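Biologist: Can you walk me through this one? I'd like some questions answered with the reasoning laid out.

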Amino acid sequence: MAKVKIIVCQCPELALDAQALVSWLERGGAEVQLLPPLCTPDGLMQLRTRLASQTGEWLIAACGPERHAGLFQRLTPVAVVRVVDLLAYQDLESAVAALTLAQSTPSQPEPSIAPVSPEVLIVGGGVGGCQAALDLARGGHKVYLVDRALSIGGIMAQLDKTFPTLDCSICILGPKLVEVASHPNIELLTYVGIDRIAGQTGHFVVDLTLKPRYVDMTKCVGCGSCTEVCPIIVPSRWDLDLKPSKCIRIWFAQAVPLRAAIDKEYCIDCQLCVKACEHQAINLAEEPQSRQLTVGAIILATGARPFDPSIKSEYGYGRIPTVVTNLEYERIVCASGPTLGGLVTPEGRPVQRLAFIQCVGSRDRRFLPYCSGYCCTASIKEAMLALEHQPDGLVFINVGNRCCIPWNPHCPAFFWPGPAKARRISRPRYARAAASRLGSSICSMPCKAKSVAPEANNLSPDNDRGRRGRRPGRKLQRPGRRFFDGAAGHFLGPQRPGGGGHLFFGHCGHFLIRGYRPSPFAARQPPHGPVVGGGRVARGAGGSPFITLCRRSDL
Amino acid sequence: MDEEVRIGLYICHCGLNIAGVISPEKLVAQTQDLPQVVICRHHLYTCSEAGQREILEDIEQHGLNRLVIAACSPKLHEPTFRRLLIEAGVNPYLLEMVNIREHCSWVHMQEPEAAQHKALELIKMGLARVRLARPLTERVVPLYRQALVIGGGPAGLRAALDIANAGFPVTLVECQPVLGGMANALHRTFPRGQTALSLINPMMAAVSLHPGIKVLTNSEVKEVSGHVGDFQVTVRQSLPMINEDCDRCGQCLEVCPIEVPDERQQGLSPRKAIYLPAPHAFPASYVIDQEHCNRCGLCVPACPRQAIDLAAQEVEHHLRFGSMVLATGFLPFDPQGSRYESWVAFPKVITTVALERLLAPDGPTAGQVQAPGESTPPREIAFILCVGSREEEGHRYCSRVCCPTALRQALELKSRLPQAHVRIYYRDMRTTKKDWEALYTQAREAGVLFIRGQVHEVRADQDGRVIIRADNELFQTVSADKVDLAVLAVGMVPGRGAALREVLKVPISDDGFFLEAHPKLRPLETVLDGIYLAGACQGPKDLSESITSASGAAAKILSLFAYETITLDGIVCEIDPEKCIGCETCFKECPFQAIKMVGAGKKQKAQVIEAACKGCGVCAGACPAGAVIARGFTDEMIMAQIDAALADHPEDKILAFCCNWCSYAGADFAGVSRLQYSPAVRIIRYMCAGRVHQKFILRALAQGAGRVLISGCHPPGDCHYVSGNLRALARIEKLKKKLVKKGIDPQRLRLAWVSATEGRNFQQVINELAAELKHPTEDQPQASDG
């Protein structure tokens with residue numbers, strides 16, 4: 001066997017001393033050359049000359065394939081060049097060991113060409129997953145779109161309006177969902193669990209469990225007559241428990257697929273729905289089914305879920321009924337929500353004064369060390385919705401001590417409708433203070449009406465992901481915060497994790513793709529009234545305390 | 001068409017978006033007995049699966065052959081319901097979207113009664129139009145599966161690689177002599193501090209080696225015509241004066257007598273007129289700065305390889321592409337010429353981009369951090385954030401990258417100069433992405449001082465240091481600190497690509513960046529099919545977002561290129577040979593040379609070349625004989641809409657003709673922005689202002705319309721059909737003179753240009769016209785925007 005020659009790339013990113021590495025390898029008897037960074041014109045020219053002048057096998061110690069973009073393979077037949085990812089090694093010893101090992105292993109044979117399955121699996125049917133499915137399906141790929149919920153749509157389906165255009169969320173999402181369901185290249189699998197993923201890029205085998213809905217999808221027409229007769233009333237989980245629902249129900253009015261399902265946990269087997277269904281679609285004895293898919297690539301679009309603020313007990317979420325999360329607030333103001341769009345407290349009283357508390361969970365070392373990037377703009381939007389519902393109401397936005405919203409004396413024009421301005425109560429009012437405590441004493445405030453305080457709660461990675469990340473064959477790196485992370489090279493492949501063949505969409509990789517792209521929105525307002533340091537007392541424009549969060553007497 | 005017309009009318013609540021102002025139930029009661037309306041229903045969300053299924057069932061049960069959906073803008077859901085009709089086996093062009101949301105409920109929120117009445121009339125107009133609708137067939141044309149990428153920065157490189165790796169040829173056009181864009185000026189990137197070189201250079205090298213990618217540097221796109229699937233593009237390239245024999249020996253440098261500031265080093269060091277634009281960038285050869293070169297010719301004999309030829313040459317490439325990606329990037333905000341000009345007058349006040357060069361080993365100081373003109377490292381360093389971002393006037397947006405850039409640079413300075421004090425003056429610390437917040441935490445731990453407050457003044461001290469006066473918001477005091485180096489964290493402003501607007505007809509937003517088709521749902525697409533956006537030309541983006549959007553745009557193109565043909569819509573023109581008098585008016589007016597004259601002498605007739613026709617209807621607007629049938633927007637349909645709109649109290653109405661691309665979209669934008677205006681307006685949509693025939697205006701005036709508004713894209717360049725707006729302008733001018741002769745007040749006719757982002761302008765025009773109607777006796781000033 002001819003001696004393997006080693007070329008070391010003098011990458012500026014190298015954590016170790018390249019010169020020392022070369023001398024170490026030379027002492028071991030290898031033929032080593034240190035070249036300037038191989039991706040620069042100088043390095044590339046020298047590499048080309050070396051490869052052209054000397055035959056034999058080459059080992060290039062440079063960066064991993066996601067970074068060098070197939071550069072070296074373009075220069076020469078793949079068989080004679082092997083690349084070792086030097087950036088993966090922090091110390092000299094392990095780098096030398098890796099290179100020595102690569103030297104002594106026989107050269108790879110010509111890569112075998114394996115067939116690639118053209119099908120794609122998309123995990124998660126939120127707006128990111130749906131858009132990916134549609135784009136691929138339009139390009140002629142067969143797509144399996146799986147979602148663990150009864151309907152696709154994800155969090156976006158639960159929103160009332162989206163910023164910055166105040167488009168009705170379900171109106172712009174709904175048609176996409178319908179198109180996904182009716183596209184001949186997309187097979188939609190809802191209420192599905194993923195058990196196992198095996199294989200590699202080009203050929204993954206995926207085991208699914210189709211959870212029983214107890215309703216035959218092919219027979220059900222979504223007429224809702226079963227729901228009418230069902231005697232069991234349960235909270236609607238889709239409406240975040242703000243609204244009653246039946247034990248057999250359609251997930252929500254615009255659900256796709258528009259089919260009923262039974263929540264077996266509460267079902268009493270009364271058989272009333274079985275009798276009521278004209279289509280004999282109900283089968284109370286349905287069993288889970290398994291299914292196996294073979295796909296060439298997988299897109300993870302499992303999204304995010306809001307942070308649960310009940311852990312921050314000082315805000316009283318779960319204890320004080322008028323403290324709600326911003327997602328709950330979206331349901332309350334939504335026309336198809338529990339109050340049919342009426343801005344009322346969960347107890348049914350109209351809301352005159354409303355406060356938003358920002359950064360709940362976010363930028364907090366105890367909970368989420370990152371900024372969620374969407375809450376500020378979402379809260380401004382929600383404040384605007386409140387003013388649309390209650391033009392003479394008062395809305396306060398309480399922002400953290402270095403948070404995004406305030407300061408800008410004007411906001412993009414489209415948020416401020418003229419007539420509302422004419423009525424004197426045009427804008428939400430901003431106050432900079434850390435909300436330290438929220439007491440139920442909101443009721444004892446000088447104002448007559450009750451307040452609802454939605455908390456801009458933040459996104460944290462979806463539960464499901466922890467499990468999925470540990471599947472065999474995946475090399476997903478999970479940083480401390482448990483969002484999926486791109487492989488090395490945050491920039492080179494933000495959509496490409498280590499496993500190969502995976503792409504990220506939506507929240508699971510980043511916050512900003514499609515669904516929740518934070519808009520370049522800058523709102524600034526000179527502070528109304530005093531803002532006292534330390535977040536002790538915050539006052540609104542009229543000089544009246546608008547939130548009792550910090551006053552000892554109220555606690 | 002002999003078939004009986006059977007219309008299904010569906011009125012959408014759109015949650016409370018429509019139903020909050022207008023009562024759909026009442027509309028149903030008012031419209032269900034109108035002629036030919038077979039079925040009339042209302043639905044909470046017509047576009048939902050349940051709503052669509054109801055329509056499908058009705059079509060089957062009641063044999064509907066026309067559909068009217070009174071809901072949102074056709075720009076949003078016309079495709080949705082067209083698909084539905086195809087599914088039901090009905091021709092998709094037998095559909096009319098009545099826009100009672102953007103054009104009614106959202107803009108007349110305070111006048112529900114007037115809105116209700118307007119919605120009814122809009123529906124009647126829609127019914128009048130749909131009764132005359134004819135089935136149209138779509139055209140299938142071949143697709144040139146080659147892509148053009150404009151811009152060779154990180155986004156352009158990524159998009160080109162993704163498309164070329166899938167096997168489709170790509171041409172990459174870059175206006176600079178080298179690839180790499182702004183990334184060439186960067187030293188390290190946030191949040192992980194990797195060198196820009198190690199991230200961008202491999203892509204640059206791969207692009208220049210890729211057999212499927214043709215790179216044209218020093219080139220600009222001069223002309224674009226055609227449509228998705230077949231764009232004809234003219235690229236002008238100035239050929240380099242140094243050919244590829246150059247081996248970068250540098251001997252020419254020594255003889256060149258001209259010295260100018262080096263833009264790559266932010267002017268911190270000089271360069272010659274013959275120079276290496278970026279040592280590690282591709283293509284790797286010396287270039288001559290044509291602007292500064294005095295043609296002394298000293299370098300020509302100095303070159304040992306005879307690679308230099310001082311004759312400047314330009315070539316034009318005529319190319320054809322199926323699709324294109326705009327990746328023209330951004331420029332850093334330049335404090336010169338802004339209100340910060342006096343700040344940067346001191347050499348010790350630099351921008352973050354210049355600091356990036358000072359930190360770089362190949363920078364002007366070879367990596368030594370020193371304020372310009374100093375030989376010792378600075379002891380006191382201050383960063384000032386939000387320079388050129390979030391301004392009250394000017395750049396109102398947040399550039400988003402300045403906070404993490406300043407944090408990363410502050411951290412690097414702290415580690416390289418541990419004795420230095422670093423302070424950051426900020427307004428809000430917007431570390432809005434996953435890893436960015438950690439930078440802030442690290443910076444605090446490293447001892448960087450954060451001061452929240454507005455900086456009022458930056459001036460020089462007597463001893464040459466810089467004094468920064470700022471509010472300290474926390475302590476409610478005003479501070480004045482002396483520093484050795486002040487760094488302005490400058491924002492991002494649109495790059496040179498904005499000039500392409502005229503060439504491509506892609507709209508740009510108020511802030512100068514290219515406008516995406518929808519900020520949420522179509523962030524990578526422009527309103528023009530087949531033209532996609534990547535990177536910071538669409539708005540401030542960091543590297544990872546730029547790369548993400550580039551891959552996304554490439555994926556969009558790849559799904560387009562999966563087929564060999566593309567289907568274009570059926571809206572084209574046709575000429576009735578019976579009526580044609582062979583006058584050649586349409587032949588002369590057509591902006592696309594899509595009309596040919598056949599026959600000779602008296603038998604000469606015009607004929608439309610369908611593949612070239614874009615359906616603008618400029619010919620139909622000009623034809624004196626009414627021989628042109630503008631499919632989808634025929635004379636009869638528009639006349640019927642005029643009659644329906646003016647059936648009741650015409651004198652109180654404003655009849656607005658709005659072109660599909662700009663004015664109608666502008667009215668939609670007014671709706672989205674909830675800009676309230678007078679409910680007197682009734683909008684008729686057509687493809688181009690050039691479609692308006694004077695007989696439409698005369699008919700409307702004869703019916704007694706209070707005001708008639710013709711609206712289109714801003715002249716000269718905005719028109720999506722080259723010159724339709726100019727044709728309209730000429731016709732209106734002519735008609736106004738005619739009106740005077742006929743004794744009709746020409747003030748009743750107005751021409752206004754409204755672009756897709758000018759909702760406010762639309763509101764203003766309508767309110768002005770409404771005011772004129774209310775006070776007709778007052779002498780209104782003549783409209784000046786015609």
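Modeller: What follows is a short round of questions and answers.

Modeller: Heads-up that this is a predicted model: local features need pLDDT of at least 70, side-chain atom pairs count only at pLDDT 80 or more, and totals for chains, interfaces and linings use all residues. Residues are numbered from 1 along each chain as its sequence is written, while chains are lettered from A and ligands numbered from 1 in the order in which they are written.

Biologist: How many residues of strand 6 of chain A are buried?

Modeller: Strands here are DSSP runs of E with at least two residues, helices are runs of H or I with at least four, and both are numbered from the N terminus. Buried takes 20 or more other C-beta atoms within 10 Å of a residue's own, exposed 12 or fewer, partly exposed in between, with C-beta atoms placed from the backbone. In a regular strand the side chains alternate between the two faces of the sheet. Here A:Val143, A:Leu145 and A:Asp147 point one way and A:Tyr144 and A:Val146 the other, and the buried count for strand 6 of chain A (residues 143–147) is 5 of 5.

Biologist: Which residue of strand 9 of chain A stands opposite A:Val146?

Modeller: Two strands pair if DSSP finds at least two bridges between them. Strand 6 of chain A runs parallel to strand 5 (residues 120–123), with 4 bridges, and A:Val146 is the bridge partner of A:Val123. Strand 6 of chain A also runs parallel to strand 9 (residues 186–190), with 5 bridges. Opposite A:Val146 in strand 9 of chain A stands A:Leu189.

Biologist: In the open sheet 10-11-16 of chain A, how large is the average twist from one strand to the next?

Modeller: That open sheet has 3 strands in antiparallel pairing. Its edge strands, each pairing on one side only, are strand 10 (192–200) and strand 16 (289–295) of chain A. With axes as lines fitted to C-alpha atoms (for helices over the stretch in contact) and angles from 0 to 180 degrees between N-to-C directions, the twist averages 20 degrees.

Biologist: What is the radius of gyration of chain B?

Modeller: The globule rule is 2.2 Å times the number of residues to the power 0.38, over C-alpha atoms. For 786 residues, a compact globule would come out near 28 Å, and the value for chain B agrees: 31 Å.

Biologist: How far apart are the end C-alpha atoms of helix 14 of chain B?

Modeller: The expected span is 1.5 Å times one less than the number of residues. Helix 14 of chain B (residues 543–560) has 18 residues, so it should span 26 Å, and the separation of its end C-alpha atoms agrees: 26 Å.
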